[in-house]
Every structure is written in C-alpha cells, then in structure tokens.
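Notebook open, coffee poured. I want to go through the helix packing, the sheet and the ligand site, and jot down what I find.

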Amino acid sequence: MSRIPFMRPTFPSAAVVAEDYDRIRLSGIFTNSGPVEHNFSLALANWIGQDVGVALVSSGTAGLQLAIQALFLPRRRALVASFTFAAGPLMLKLCGYEPIFIDISENDLQPDLSQARGVLENSSQSVGGILLTNTFGIPNVEIGFWEDLAFEFNVPLIIDSAAGFGSAFPSGKSLGASGDCEIFSLHATKALAIGEGGAISSRDPNLIERLVQLKNFGFDTSGVARQLGTNAKLPELSSAIGLRQLAELHALLQQRREFFALYKNALDEIDVWTPPLEQHSALPFVSAVMPSCESRDLLMKELSIHHIESRCYYNPPVDTHDVFASSPRVGGLETTAKIAARIISLPIGGLHHDEVERVIRAVQDCATRWGAE
Ligand SMILES: Cc1ncc(COP(=O)(O)O)c(C=O)c1O
C-alpha cells in the first residue's frame, strides 16, 4: 500500500524555474529588492485587492518580528492566543514582550474576543499590542470587532494569517486587509508555497515603506541605518517561484475545496466537527475536532497503520511550551486544552482524488470502532 504523505507540496518544474533562473542570472540582480521581487509584491497586493501594499520577507516569522518591532507600543506585555503555532508568541518574547495567553472560542476556534476585552479593561496600560492569530488561516468573522477593540484601547492590531494566503471571507474579500497589517507565510507547506518566505500586507503605505527598510538593515534610501533593522529580504529566485505559484493558485484552491467537500460530507455523518468557514480557507490541511481525545489518538494510530500521515495542529498549545512557563494566562485556557486534545489534521494538499477517498474510507472504518468503544 503506498504511503499518503501529510502534504505533497506542488512546485513548478525544473524547466520552468530554469527559464526564470536564466533571466535572473543575465540581469545580474539576485536579491536586494530586485525587479522580480517588486513584481511579486505587486501581484500579491493585486490578489488581496482592497488597496493594500505588500512587503515581502524571508519568512512569516521574520514578518511577525518586523511588524511587532514597527508597531507595538513600548510596554511590557502583548495579547495572543495559545492555540496557534509558536512563531508568534516566540517573536513577541524576542521583541521583549511577555505574552498574555488567552483562550479560543469553542464556536470557531478563533481567539476569545471577550477575554481580550477583559485584559484590556483591567490593564490596558501594560499591553503593547494585540497579535491576533488566524486559526488555520480560516477567516475570522469577528475581525471587525477586533479592529474596534484595538481602536477603543488605542493599541496596534497585528494579524497572524500565516496559513491564510488564498483564504477569503464569504463576501469574497481576501484576507490581508485587516488590522494594522497581516502576515502570511509562504513556506513550502502553505497553499502559496515558495519554500521559505513571507508577506506582510497593509492598507498603510507608510507602514509598508517602513517594513521594507526594516528588512534591509533599517537603511534609508541613502544607505544609513535609521532603524534597528535586520536582513529579511526575499531573493529574486524565490520571488520568481512565487509568481509561478500564484498563477496556479486559483486552480489549487478549487481542487482543495472540492476535496474538502468530500471530507466534510463524510465527517458530518460520523459526528466529527469541522470549524465553520473552513471551506473558505486555503486549506493547508483539513482540521477536524474528534468526539474525544481517545478517538483522536485511535484515529491517528489507525491512519498510520494504513500508511496515511496525519498531525494534530496546534497541539501541544503554545502556553505549555517550556519558554512560556512563566507567561501569564487568562483563566485556565480550558477550551484550548480541550480542543488540542481532540484536534486532528488530515492530508489534502497535493493529494490525488483516489488518495482522498482512501483517507475518508480509513476514517469511516475507524468511526465504527470508536463508536463501539
Ligand atoms: C500561525 C503561524 N504563524 C507563523 C508561522 C511561521 O511562518 P514561517 O514558517 O513562514 O516562518 C506559521 C507557520 O506555519 C504559522 O502556522
């Protein structure tokens, strides 16, 4: 039986990339805000629409770091949910902020707005900003309320939409135009995959300009370091791959949404819950919440016996990682713990139709076992 990987990134062929490489080689410009990078940033801004600008960076994590540096107020703490990938909270700490971990809502697995409000009402003077994580890149329907909250307490709002390039609200609006800025990852595991890379989008052209300087050592146009910058530039070849990938993104998303519909039909029938609006996301994988921790562990074991890889993002939750042992938490983060114990991530990216059917059959077979236990 052949192995089904957790994801199978699809990349342009060597012949296609060779053409791009030759063009870049002949131009003699390999990096430092070259023409291909410029075109790629315009193409991403055009995809998002809504008058955003885009700064390309070397990774989503670098984008988070630069955005925090550029925007957050000089205070001790920053708000973030624990049910996320560690990069955001790590960058907060690296930039000198102690994360205050909040829970997620059981309705949609997105950060708990009322807890964030509670923290700001009690201690807004110690909070330097909100890092709003976008769970699995799924559109957050409360985004307007988060923007209102940030405005009310006069704190910046950075949105970590790492997995969300290609996601769109039911209205059709793409993610990328909310808060002060949004960060996307272009890692090999994402729908728009270039290997390593990231993008920051914002409706504020001055912020984009600042980020472009920050990723280039903080140099201004005369080459003087005016800000505490770093090197987080995206090379020309990565940008060329990005342009090729972007041309295929509509087709890739359509395929994933078709496969997701098959998954969802099957999962609904066996009472496995999927977050609302997941079908509007870029679907790096299929996230589903199992009836219990035992059924989740059993399913992962059964899938593995059938040579099908699965994961359980985001488990363990970030607040349980060693480096955050002393970070404050709001309440007991009960929903985070409960969902982390029951979440399963199923493969979808780059799979063939018959492989999706094989995964679904394996899940259905297993369901009779957890139902019987
Ligand atoms: C929520 C979230 N934030 C940040 C990142 C980091 O992005 P990158 O791997 O491009 O640095 C990831 C990566 O998967 C992520 O899922």
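Are α3 and α4 parallel or oblique to each other? A reminder to myself before I answer: this is a predicted model. I looked up the axes of α3 (residues 60-71) and α4 (residues 87-94), and they come within 9 Å and cross at roughly 40 degrees. Angles under 35 degrees would count as roughly parallel, so α3 and α4 are oblique to each other. I also noted the hand: α3 passes α4 in a right-handed crossing. On the α3 side the contact uses Gly60, Thr61, Leu64, Gln65 and Ile68, and α4 brings Ala87, Gly88, Met91, Leu92 and Leu94. I sorted the residues of this contact by class and got six nonpolar, four polar and no charged.

Next, the ligand. Which residues come nearest to it? Of the 14 around the ligand, they are Gly60, Thr61, Phe85, Ala162 and Ser185. The elements giving two or more residues to this shell are α3 and α4. Gly60 and Thr61 I had already met in the contact of α3 with α4. By class, the shell has four nonpolar, nine polar and one charged residues.

Then the sheet. I traced seven strands in an open sheet with mixed pairing, in the order β1-β7-β6-β5-β4-β2-β3. The edges are β1 (53-57) and β3 (98-102), each pairing on one side only. Ignoring direction, I get an average turn of 25 degrees between neighbouring strands. I zoomed in on the β1 edge: β1 and β7 (residues 198-202) run antiparallel, joined by five bridges. Valine 57, for one, has glycine 198 of β7 as its bridge partner.

What packs on this sheet? I found α2 (residues 35-48) touching β1 and β7, its direction at about 130 degrees to that of β1. α3 packs on the sheet as well, touching β1, β4 (127-133), β5 (157-160), β6 (181-185) and β7. The direction of α3 makes about 165 degrees with that of β6.

Last entry: α2 again, this time against α8 (residues 236-269). Their axes are 8 Å apart and the packing angle is about 35 degrees. I wrote down a left-handed crossing for α2 and α8. From α2 I listed Val36, Glu37, Asn39, Phe40, Ala43 and Trp47, and from α8 Glu236, Ser239, Ala240, Gly242, Leu243 and Leu246. That contact divides into seven nonpolar, three polar and two charged residues.

Conventions: Residues numbered from 1 in each chain as written. Predicted model: local features only at pLDDT ≥ 70, side-chain atom pairs only at ≥ 80, totals over all residues. Axes fitted to C-alpha atoms, helices over the stretch in contact; angles between N-to-C directions. Helix = DSSP H or I, 4+ residues; strand = E, 2+ residues; numbered from the N terminus. Parallel < 35°, antiparallel > 145°, perpendicular 65-115°, else oblique. Left-handed = near helix turned anticlockwise from the far one by under 90°. Contact = placed C-beta atoms within 7 Å. Nonpolar A, V, L, I, M, F, W, Y, C, P; charged D, E, K, R; others polar. Near = placed C-beta within 6 Å. Pairing = 2+ DSSP bridges.
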